[in-house]
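Colleague: I should like to go through this model residue by residue before turning to its overall figures. Please give the cut-off behind each term when it is introduced.

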Amino acid sequence: MAFETADAEPALLAMGGAVVDEGPTGIKAPDGGWGWAVLWGCFVITGFSYAFPKAVSVFFKELMREFGIGYSDSAWISSILLAMLYGTGPLCSVCVNRFGCRPVMLAGGLLASLGMVAASFCGSIIQLYLTTGVITGLGLALNFQPSLIMLNRYFSRRRPMANGLAAAGSPVFLCALSPLGQLLQDHYGWRGGFLILGGLLLNCCVCAALMRPLEAPRPAAGPAPPRAPRRLLDLSVFRDRGFVVYALAASIMVLGLFVPPVFVVSYAKDLGVPDTQAAFLLTVLGFIDIFARPTAGFIAGLKKVRPYSVYLFSFAMFFNGFTDLTGSTARDYGGLVVFCIFFGISYGMVGALQFEVLMAIVGTQKFSSAIGLVLLLEAIAVLIGPPSGGKLLDATHVYQYVFVLAGAEVLTSSLVLVLGNFFCIGKRPEVATEEERHKPPEDVRVDSREVEHFLKTEPEKNGEVVHTPETSV
């Protein structure tokens, strides 16, 4: 099942998946060159996308005093931001496949900035939900997903390392945005802080300008091949058992993954820790995360490890959940610092591996639609996670219960992934023959010369990784 449209751009060959914009068949991933500029842009976008929902938690105490709200009400801001980042995945897939990565990202950067600027003039918490949550969240989503798609197009052999380096943008920006937010609040109040942060988000437009499309090889002399319809959203990925297991595990994981970073600052403040020191906890977490993500990406890219990256991802999830459970025993600032160190390691591993594993499961051609659908499924869990933790905190006033709940959810997701992976490997059909793998779908008409060119091209020349049972779940 797919949404299709025909346009005036050159035809692309859809080999059983969504036609991903700016990734024509036959182009070898450069694994460098301009790809390093794309990697830098992805680094910045990832930083804003993932650090922003955590960084705004610095303003929660001030917002609670001004609007007379509770923990769960303030947590909805971060939750809506994350829900928009995840839940608009299919919309981003459609926009990217229709208009291209660069125009979508430019529009997203403007929306993200506009949302924070408008939030500085809000007079109620509902208005903050709409501006900071919905508008800024949508803007970040329109930047985040296209940047990952472009990174996937520019890197193949070095992709695990590139994913790890790009994912490091999240902790780097968290280290900067959290103390910056506290500083802005102290000098300009939360309104002035939101206004300045809105200006910083315009840098997303600069990153969008770096997303230069890959150029297809020029065709030989003769009539141009006929233009093929473009699939904007491919739902056939749900037929892949490995994708279903991954989506289920990831959805359970995000129920608890983002809860500790949202509440750890408030936890410290309730223990009597000064505001500046409390905000420094996120800096500690982010600093450790900076080194954990590239390291995890490097390890996942090793020849002997890469086929088993799904098991490494499952271990990272287990480590994160176990850290939450042990962190619930913290009773002072020193204990929270130790918790943030180990949480930063496990969180960094999860962040570096999650999209690398998804790319390995579905392949290059289906990644655009797969990531959109996964993010949509995770959005429901993201929308429930932090507010449910806030409700539990309002009812019990015990932070330990919140951390135990988050840890149990992440531990469950790791078991779902490793058990589903184990049984799916045993039951997975044999790998398709070379002829079957390259057979074009019946609903796509292509020129015979284009098919012949594709059959002579090895999978690696399309920027793809040949699937094995281990990498395909």
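Colleague: In which helix is K269 found?

Modeller: This is a predicted model, in which local features need pLDDT of at least 70, side-chain atom pairs count only at pLDDT 80 or more, and totals for chains, interfaces and linings use all residues. Residues are numbered from 1 along each chain as its sequence is written, and side-chain values use heavy atoms, with hydrogens and water left out. Helices (H or I, at least four residues) and strands (E, at least two) are DSSP runs numbered from the N terminus. On that basis K269 is found in helix 11 (residues 259-270).

Colleague: Does K269 count as buried or exposed?

Modeller: Buried means under 20% relative accessible area, exposed means over 50%, and partly exposed lies in between, with a 1.4 Å probe and protein chains only. The relative accessibility of K269 is 14%, so this lysine counts as buried.

Colleague: Which residues does K269 touch, not counting those up to four places away in sequence?

Modeller: A contact means heavy atoms within 4.5 Å. With residues up to four places away in sequence not counted, K269 touches V58, K61, Q182, D275 and A278.

Colleague: Where does A292 lie, and with which residues is it in contact beyond its neighbours within four places in sequence?

Modeller: A292 has its place in helix 12 and, at a relative accessible area of 11%, is buried. Its C-alpha is 9.9 Å from that of L165, although the two are 127 residues apart in sequence. Leaving aside neighbours within four places, A292 is in contact with G344, I345 and G348.

Colleague: What is the N to O distance in the salt bridge between R293 and D289?

Modeller: A salt bridge is a side-chain nitrogen of Lys or Arg within 4 Å of a carboxyl oxygen of Asp or Glu. R293 and D289 both lie in helix 12 (residues 275-300), four residues apart, which is about one turn of the helix. R293 counts as buried because its relative accessibility is 2%, and D289 likewise because its value is 1%. Their N to O distance is 2.8 Å.

Colleague: Is R65, which forms a salt bridge with E62, buried or exposed?

Modeller: The closest N and O atoms of E62 and R65 are 3.1 Å apart. The two residues are three apart in helix 2 (residues 60-67), so about one helical turn separates them. E62, with a relative accessible area of 25%, is partly exposed. R65 has 60% relative accessibility and therefore counts as exposed.

Colleague: Which residues are joined into one network by salt bridges that share partners?

Modeller: E356 forms a salt bridge with R306, with the closest N and O atoms 3.7 Å apart. This pair links distant parts of the chain, 50 residues apart: E356 is in helix 14, and R306 is in the loop between helix 12 and helix 13 (309-327). E356 is buried at 2% relative accessible area, and R306 counts as buried at 15%. Through shared partners, the network joins R159, R306 and E356.

Colleague: Why does the largest nonpolar core lie between two domains, and which are they?

Modeller: A nonpolar core is a set of buried Ala, Val, Leu, Ile, Met, Phe, Trp, Tyr and Cys residues joined through side-chain atoms within 4.5 Å. The largest has 131 residues, among which Y86 and L128 touch the most other members, and helix 14 (residues 333-362) gives the most to this core, with 15 residues. Domain bounds come from an automatic or database domain assignment. The core lies between the two domains because both give residues to it: domain 1 (29-213) and domain 2 (234-427).

Colleague: Which residues does Y86 touch, not counting those up to four places away in sequence?

Modeller: Y86 is one of the two core residues that touch the most other members. With residues up to four places away not counted, Y86 touches Y50, V254, F258, L375, L376, E378, A379 and V382.

Colleague: Which residues of helix 4 are buried?

Modeller: Helix 4 spans residues 89-99 and is followed by G100, whose phi is positive, near 100 degrees. Its buried residues are G89, P90, C92, S93, C95, V96 and N97.

Colleague: What share of the protein is made up of buried residues?

Modeller: The secondary structure comes to 18 helices and two strands. Among contacts between residues at least 6 apart in sequence, 89% join residues at least 24 apart. Of the 473 residues in the protein, the buried share is 59%.
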